[in-house]
Every structure is written in structure tokens, then in C-alpha cells.
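User: I'm new to this structure and would love a close look at one part of it. Could you walk me through the salt bridge and what lies around it?

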Amino acid sequence: MASKFEATAGKLIGPTTGGTVTQATNKTTGVTINAASGQITMNGAALGAGAEATFAVTNSEVAAPDVVVACHGSAGTAGSYLVQANTMAAGSFNLTVSNVSAGALSEAIVINFVALKGASS
């Protein structure tokens, strides 16, 4: 019997539609993207070596028990950023981007994300 988590080799499962948004002003400016997955292009302001920037993502598709998975998808220096989703709430979450390189970076990186539906019971 097939599991509801079974997938065919070579096929991805998850949301089939998404959205895009570009962050204005600076790296801590919040964005709105009402989609279960998508891409966020960050502002190109400087982020110092070892520094972090956190910004709010308003998203009507997200609920408090959900899990958001995010990563540095493209643009910028590969391996120089860590991206973490945190502070989940109904209609929003935060993303924290850390510069793990030895120097300041002024790059408009693209963050890929997907929201996975969770349950509290």
C-alpha cells in the first residue's frame, strides 16, 4: 500500500505555485509574499562579517505550527550566508540571514523558501 509520503523517483512534492518579492530600503525591511513557496530578493545593503539581519515576512499562507524551510538560493557569494526561519505566527514569520564570511558583503541575495503545513495536535 502506498504511503501518502511516497514519491516517484525524480519527482518533487510540495507547493506547485509560488511568488516573488524584492526587499526595499535595507536588509531588515519587512516583505509581504502570500504564497506557500517563493523567492525573496534581499536589498543589497552591506552586511558586516559575522553580522546578522532579521526581517519579517508577512504571509497569509502561514500558521503558527507550520515549518518554513529557507536557504540561500542564488546571487551573492556561495557559502557566505546562513538563512534561518524563526518566530512562526499566524500570518507571518521571520528570516535571519547571517554573513559567515571574513568580510562585509553588499549583495542582493535570493532566498528560496517553502512553508510546510504543521499541526499542534
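Analyst: Let's begin with a term we will need: a residue is called exposed when its relative accessible area is over 50%, buried when that area is under 20%, and partly exposed in between. Please keep in mind that this is a predicted model.

The structure holds one salt bridge. It is formed by the side chains of Asp 66 and Lys 117, with a distance of 2.7 Å from N to O. These partners link distant parts of the chain, 51 residues apart: Asp 66 sits in the loop between strand 4 and strand 5, while Lys 117 belongs to the segment after strand 8 (110-116). Their surroundings can be described with the term above. Lys 117 has a relative accessibility of 60%, so this residue counts as exposed. Asp 66, with a relative accessible area of 5%, is buried.

Now for a nonpolar patch on the surface: Val 67, Val 69 and Leu 116 make up about 240 Å² of it. Of these, Val 69 lies in strand 5, which covers residues 67-74. With a relative accessible area of 43%, Val 69 is partly exposed.

Strand 4, which we met beside the loop of Asp 66, also takes part in an open, mixed sheet of four strands, ordered 2-4-7-6. Strand 2 (31-32) and strand 6 (81-89) are at the edges; each has a single partner strand, so one side of each lacks a neighbour in the sheet. Strand 2 runs parallel to strand 4 (residues 52-58), and two bridges join them. Here Val 31 stands opposite Val 57 of strand 4.

Note on methods:
Residues numbered from 1 in each chain as written. Predicted model: local features only at pLDDT ≥ 70, side-chain atom pairs only at ≥ 80, totals over all residues. Heavy atoms only, no water. Pairing = 2+ DSSP bridges. Patch = residues over 30% accessible without salt bridge, like charges linked within 9 Å, V, L, I, M, F, W, Y side chains within 5 Å. Areas by Shrake-Rupley, 256 points an atom, 1.4 Å probe, with all protein chains shown as cover. Salt bridge = Lys/Arg side-chain N within 4 Å of Asp/Glu carboxyl O. Buried < 20%, exposed > 50% of the residue type's maximum accessible area, 1.4 Å probe, protein only.
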